[in-house]
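Hi everyone, thanks for coming. Let me put the structure up on the screen, and then we can walk through it together.

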Amino acid sequence: MSLGIWVLVGAVGAGVLLSALKTWVDGRFRGKVEDVERVSAAEVGGELGERATLLQFSSAFCAPCRATRRTLAEVEGMVEGVRHVELDAESHLELVRRLDILRTPTTLVLDSTGAVVKRASGAPRKPDVIAALATAIERQPN
């Protein structure tokens with residue numbers, strides 16, 4: 001076999017591996033947030049949810065952002081006291097930098113006090129959003 005074929009096989013293998021890794025990680029909610037950040041109602045331009053808030057950072061030409069918007073809006077309609085807020089990342093650069101938002105869509109799950117409980121980069125699945133919300137709602141102060 002020639003060197004060119006070995007390079008081609010290696011490149012295809014690396015591409016398949018990276019694609020599988022992206023599929024496995026994309027849209028998954030990460031557990032513990034190291035330094036608990038808080039987001040205020042003023043920063044999101046309205047009230048936070050009574051029980052939890054789904055804060056979505058989007059950009060204008062982001063196709064996965066539209067799918068995320070639909071998913072989060074469905075969950076908002078299903079769970080009492082939950083609010084979905086979508087922010088344009090370009091218009092909120094200070095908040096994007098403070099919260100270390102690296103790509104769109106990024107979804108933050110906030111508890112009733114505005115503390116970031118979970119975060120996901122990429123388009124999350126509805127069951128994952130509901131599970132992350134359960135964590136935020138359980139943290140409610142009595």
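Before anything else, a word on helices and strands: these are DSSP runs numbered from the N terminus, with H or I over at least four residues for a helix and E over at least two for a strand. Please keep in mind that this is a predicted model, so local features need pLDDT of at least 70 and side-chain atom pairs count only at pLDDT 80 or more, while totals for chains, interfaces and linings use all residues. Residues are numbered from 1 along each chain as its sequence is written, and side-chain values use heavy atoms, with hydrogens and water left out.

Let's begin with the overall layout. The protein chain has five helices and five strands, and along the sequence they come in the order α-β-α-β-α-β-α-β-β-α. I'll use three words for accessibility: buried is under 20% relative accessible area, exposed is over 50%, and partly exposed is in between, using a 1.4 Å probe and protein chains only. Of the 142 residues, 36% count as buried. Contact here means heavy atoms within 4.5 Å. Among contacts between residues at least 6 apart in sequence, 74% join residues at least 24 apart.

Now the surface. Accessible areas come from the Shrake-Rupley method with a 1.4 Å probe, and for residues only the protein chains shown count as cover. The protein chain has an accessible surface of about 8500 Å², and 58% of that belongs to carbon and sulfur atoms. Look at the start of the chain: Met1, Leu3, Ile5, Trp6, Val7 and Val9 make a nonpolar surface patch of about 700 Å². Patches take residues with over 30% relative accessible area and no salt bridge, joining like charges within 9 Å and nonpolar side chains (Val, Leu, Ile, Met, Phe, Trp, Tyr) within 5 Å. One of the patch residues, Val7, sits in helix α1, residues 3-25, and counts as exposed because its relative accessibility is 52%.

Next, the cysteines. How many disulfides are there? The count is one, taking a disulfide as a pair of cysteine sulfur atoms within 2.5 Å. In general, a disulfide is a covalent bond between the sulfur atoms of two cysteines. Here the partners are Cys62 and Cys65, with 2.2 Å from S to S. The torsion about their S-S bond is about 85°, so the disulfide is right-handed. Both ends are covered: Cys62 is buried at 9% relative accessible area, and Cys65 is buried at 1%.

On to salt bridges, where a side-chain nitrogen of Lys or Arg lies within 4 Å of a carboxyl oxygen of Asp or Glu. By that rule there are five. One of them pairs Glu43 with Arg98, at 2.7 Å from N to O. Why does this pair tie together parts that are 55 residues apart in sequence? Because Glu43 lies in helix α2, residues 41-44, and Arg98 in helix α4. Glu43 is partly exposed at 30%, and so is Arg98 at 33%. Another salt bridge joins Lys126 and Glu74, whose closest N and O atoms are 2.4 Å apart. This one also links distant parts of the chain, from Lys126 in helix α5 (residues 126-138) to Glu74 in helix α3 (residues 63-78), 52 residues apart. Asp128 and Arg125 form a salt bridge too, at 3.2 Å from N to O. Through shared partners, salt bridges also join Glu37, Glu43 and Arg98 into one network.

Glu43 comes up again with His92, which is found in the loop between β3 (82-88) and α4 (93-98). Leaving aside neighbours within four places in sequence, His92 is in contact with Glu43 and Leu87. His92 is partly exposed, with a relative accessible area of 25%.

Finally, the stretch between α4 and β4. Asp100 is in that loop, and its phi is near 55°, a positive value in a residue other than glycine. Pro105 is in the loop between α4 and β4 (106-111) as well, and a cis peptide bond joins Thr104 to Pro105, with omega about -5°. Move into strand β4 and you reach Asp111, which counts as buried at 3% relative accessibility. Not counting residues up to four places away in sequence, Asp111 touches Arg38, Arg51, Ala52, Val117, Ala136 and Arg139.

That's my tour, and thanks for listening!
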